[in-house]
Amino acid sequence: MAEPSKVIHIRNVGHEIAEADLLQLLEPFGNVSKIVMLRAKNQALLQMQDLHNSVNALQYYSTVQPSVRGRNVYMQFSSHQELTTDQSSHGRNSDQESEPNRILLVTIHHMMYPITVEVLHQVFKAYGYVEKIVTFQKSAGFQALIQYQSLQEAVEAFGALHGRNIYDGCCQLDIQYSNLSELQVHYNNDRSRDFTNPSLPTEQRPRGSQQQGYPDPGGLYAFQQPGASYAQMGRAAMIAAAFGGTLPPGVTGTNERCTLIVSNLNTDKINEDKLFNLFSLYGNIVRIKILRNKPDHALVEMADGFQAELAVHYLKGAVLFAKKLEVNYSKYPNITTAPDAHDYTTSSLNRFNSNVIKNYRHCCAPTKMIHISALPQEISEDTILNHVSEHGSVVNTKLFEVNGKRQALVQFESEEEATEALVSKHATSLEGNTIRISFSQMQSI
């Protein structure tokens, strides 16, 4: 393997593949400063801004096959450490390829979450009056045309937003000046909007409108706060993406209370870590406190109101250690730091520190089936059974492998037994590995 380099060599680049297609593969990892398209050889050389970016890109694509327009492409470090200006067919530092214009052409790279007209309006209105927005899908990816009232506003937005991410780590804005003089908008809906003419028809669409599935964008993060992270704004889109655009029935997505009161606990068997194992299925845990004057009550503080609402929704009435849980919102906004309050803010066992969308998607009420991951490679079904069967009657088990990692499904006779196994054995050690347990939504093995 070649020595690491800022320059990435890409092979099998067909004539139908454009520079913009290759940029979409690599720009999520950092800025691409130069490109050389070697058309005669069906190859390309792309130089990242720094070595760290190129190493991250090749590490990622060593596990995921990169594909462009249905064609697999192959990446490796180039023997070149730098591309010279003469070599480069596309110097990426020349942002002003077209004349400044009040209409911006925006391409969204690495689009992990849905982008709507409302989201774009929240982003761009901080720099002036946005008259019109039109969104569309092209070969280069998701794009939008955004028309400001004045040229000065568009230039300011270009300078402030080009290369920035809408959400933390993704949805990067690649902005150019359009050569159009006026946008034509025929409908006010989730794909286009004329803010100067609110009386335009919405157009009947075969699927439900954006407002049914997405939380109110008015609650999104204020972009005009200089230097602020965009992660906060991603919450609404993340929720929509995770639940397929529609929240579970009964979940509003608007709750802001983070602390829950859990009652009717089995005082002989419960502790803070077992509560953590259960409630962390629905969000990150800040602190948990069992009330000493009411030992069958506990306070659970979650990272945000939406995660707290999921816990209330899915755990109300769940049975744990032969007791039916009551889960409600507490009158306390948070749990104060104290010796009897267990703090989980820095716990690596908080599930929503990574794979956030996947974790939201897997949220469900307790089921009879648990999913066990992070298992040792040589584990046997008997070893797994010995580890969990004390908590109930096991109906069936299945040991399998995903991307080279051993995982298992264990089906119990009841939800109560599966819940007890989860709270008791999640994050325990099995043959030297710290295993992870969650509920599976599969009905049978």
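Visitor: How many bridges pair strand β8 with β10, and in which sense, parallel or antiparallel?

Guide: Strands of a sheet pair through backbone hydrogen bonds, either parallel or antiparallel. Here we're looking at a predicted model, and β8 (residues 103-109) pairs with β10 in the antiparallel sense over six bridges. For a spot to click on, take isoleucine 108: its bridge partner in β10 is phenylalanine 142.

Visitor: Which sense, parallel or antiparallel, does β9 take with β10?

Guide: Antiparallel. Strand β9 (residues 130-138) and β10 pair over eight bridges. Lysine 138 stands opposite glycine 141 in β10.

Visitor: How many residues of β10 are buried?

Guide: Eight of the eight residues in β10 (residues 141-148) are buried, so the strand is mostly covered.

Visitor: Let's try another strand. Why is β3 described as largely enclosed by the rest of the structure?

Guide: Because five of its six residues, in the stretch 43-48, are buried. Now look at its partners. Strand β1 (residues 7-11) is joined to β3 by five bridges, and the two run antiparallel. Isoleucine 8 stands opposite leucine 46 in that pairing. Strand β2 (residues 32-38) also pairs with β3 in the antiparallel sense, over six bridges, with methionine 37 facing its bridge partner alanine 44.

Visitor: What do β2 and β3 form, and how many residues lie between them?

Guide: They form a hairpin, with four residues between the strands. Check asparagine 42 in the turn: it has a positive phi of about 55 degrees.

Visitor: Where is serine 78, and is it buried or exposed?

Guide: Serine 78 is in the loop between β6 (74-77) and β7 (90-91). It counts as buried because its relative accessible area is 4%, and the cut-off for buried is under 20%. The side chain of serine 78 reaches the backbone nitrogen of histidine 80 at 2.9 Å. Leaving aside neighbours within four places in sequence, serine 78 is in contact with Glu3, Ser5, Val7, Ile8, His9 and Leu45.

Visitor: Moving along the chain, what is the order of the strands in the open sheet?

Guide: The order is β19-β14-β16-β15-β20, five strands with antiparallel pairing. The edges are β19 (326-329) and β20 (342-343), each pairing on one side only. Strand β14 (residues 259-263) is joined to β19 by four bridges, and isoleucine 261 has asparagine 328 in β19 as its bridge partner.

Visitor: Which helix packs on the sheet and touches β14, β15, β16, β19 and β20?

Guide: That's α7, and its direction makes about 140 degrees with that of β15 (285-290). Helix α8 (residues 305-315) lies across β14, β16 and β19, running at about 150 degrees to β19.

Visitor: How many residues of α8 are buried?

Guide: Ten of its 11, so α8 is mostly covered. Among the buried ones are Phe306, Leu310, Val312 and Tyr314.

Visitor: What can I find at the start of α8 and just after it?

Guide: At the start, a side-chain oxygen of aspartate 304 reaches to within 3.0 Å of the backbone nitrogen of phenylalanine 306. Just after α8, glycine 317 takes a positive phi of about 90 degrees.

Visitor: Back to α7. How do its axis and the axis of α11 cross?

Guide: Two packed helices are described by the angle between their axes and the distance between the axes. The axes of α7 (residues 272-279) and α11 (residues 415-425) come within 8 Å and cross at roughly 115 degrees. The crossing is right-handed. On the α7 side you'll find Lys274, Asn277 and Leu278, which meet Thr419, Leu422, Val423 and Ser424 in α11. By class, that contact has three nonpolar, three polar and one charged residues.

Visitor: One last residue: where is threonine 383, and what does it touch?

Guide: Threonine 383 is in helix α10 (residues 381-388). Not counting residues up to four places away in sequence, threonine 383 touches Leu430 and Glu431. The C-alpha atoms of threonine 383 and glutamate 431 are separated by 9.1 Å, although the two are 48 residues apart along the chain. Threonine 383 is partly exposed, with a relative accessible area of 22%.

Conventions: Residues are numbered from 1 along each chain as its sequence is written. This is a predicted model: local features need pLDDT of at least 70, side-chain atom pairs count only at pLDDT 80 or more; totals for chains, interfaces and linings use all residues. Side-chain values use heavy atoms; hydrogens and water are left out. Buried means under 20% relative accessible area, exposed over 50%, partly exposed in between (1.4 Å probe, protein chains only). Two strands pair if DSSP finds at least two bridges between them. Contact means heavy atoms within 4.5 Å. Axes are lines fitted to C-alpha atoms, for helices over the stretch in contact, and angles run from 0 to 180 degrees between N-to-C directions. A crossing is left-handed if the near helix is turned anticlockwise from the far one by less than a right angle, and right-handed if clockwise. Ala, Val, Leu, Ile, Met, Phe, Trp, Tyr, Cys and Pro count as nonpolar, Asp, Glu, Lys and Arg as charged, and the others, Gly among them, as polar. A polar contact is a pair of N or O atoms within 3.5 Å; within protein, one must be able to donate a hydrogen and the other to accept it, and residues adjacent in sequence count only if both atoms are side-chain atoms.
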